[in-house]
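Visitor: I'd like to go through this model and hear the reasoning behind the labels.
Guide: Happy to. Let's have it up on the screen.

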Amino acid sequence: MKILYKTTATATGGRSGVTALDDGSLSVPMVRPGTRGDGHNPEQLFALGYAACFDSAMDLMAKSLGLDTTGASTTVAVGLGQRSDGGYGLDLDITAHLPGLSDDDARKLVEATHQVCPYSHATRGSVDVRLHVDTNA
């Protein structure tokens, strides 16, 4: 694979510490899910990244399919749960908001996007991912 971009982050203190990009452009205080306090948890950061990545990939695929996605957005819900083997895993719901598209075009677009999005590729086969479309304005 030809690497087009690479970034590096370092965590200190895990879910109760700080995670920062090594170039110094962003530092995030971390908190455990469900706790109060200033900071974010890894699942929130994953949801942000996945939503942005999927939304960009969806725009790319819409152009290739000749679909108008004006007003489109992507919502990603990330769940954290315990697997039956005792470890932990993620659970994802991706909702593509595609006002003005038919349900068939929206589903075709979301399926195509799921095939090209790097986050979708990384989670395929290891994370439960459910795809949803919302075509209401």
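Guide: One term before we start: two strands pair if DSSP finds at least two bridges between them. Keep in mind, too, that this is a predicted model.

Visitor: What makes β2 and β3 a pair?
Guide: Three bridges join β2 to β3 (residues 27-29), and pairing takes at least two, so they count as a pair. The two strands run antiparallel. As an example, valine 18 has proline 29 in β3 as its bridge partner. Five residues sit between the strands of this hairpin, where glycine 24 takes a positive phi near 80°.

Visitor: How do you know that β1 and β2 pair?
Guide: By the count again: four bridges join β1 (residues 9-12) to β2 (residues 18-21), and the cut-off is at least two bridges, so that's a pair. These strands run antiparallel as well. Alanine 11 is matched with threonine 19 in β2. The hairpin has five residues between its strands, and glycine 13 takes a positive phi near 90° there.

Visitor: Why are β4 and β6 called edge strands?
Guide: The open sheet has three strands in the order β4-β5-β6, with mixed pairing. β4 (73-82) and β6 (128-134) each pair on one side only, and that's what earns them the edge label. From one strand to the next, the twist averages 15°.

Visitor: What makes β5 and β6 a parallel pair?
Guide: β5 (residues 88-97) and β6 share seven bridges in the parallel sense. The requirement is at least two bridges, so they qualify as a pair. Within it, aspartate 91 stands opposite aspartate 128 in β6.

Visitor: Which strands do helices α1 and α2 lie across?
Guide: Helix α1 (residues 42-65) lies across β4, β5 and β6, at about 145° to β4. Helix α2 (residues 103-116) lies across β5 and β6, and runs at about 145° to β6.

Visitor: Why is serine 120 called buried?
Guide: Its relative accessible area is 0%, and buried means under 20%, so the label fits. You'll find serine 120 in helix α3 (residues 118-123). Leaving out residues up to four places away in sequence, serine 120 touches Tyr50, Phe54 and His114.

Visitor: How do you know that serine 120 and histidine 114 make a polar contact?
Guide: Their side chains are joined at 2.7 Å. The cut-off for a pair of N or O atoms is within 3.5 Å, so on distance this one passes.

Technical notes. Residues numbered from 1 in each chain as written. Predicted model: local features only at pLDDT ≥ 70, side-chain atom pairs only at ≥ 80, totals over all residues. Heavy atoms only, no water. Buried < 20%, exposed > 50% of the residue type's maximum accessible area, 1.4 Å probe, protein only. Polar contact = N/O pair within 3.5 Å; in protein donor to acceptor, adjacent residues only side chain to side chain. Contact = heavy atoms within 4.5 Å. Axes fitted to C-alpha atoms, helices over the stretch in contact; angles between N-to-C directions.
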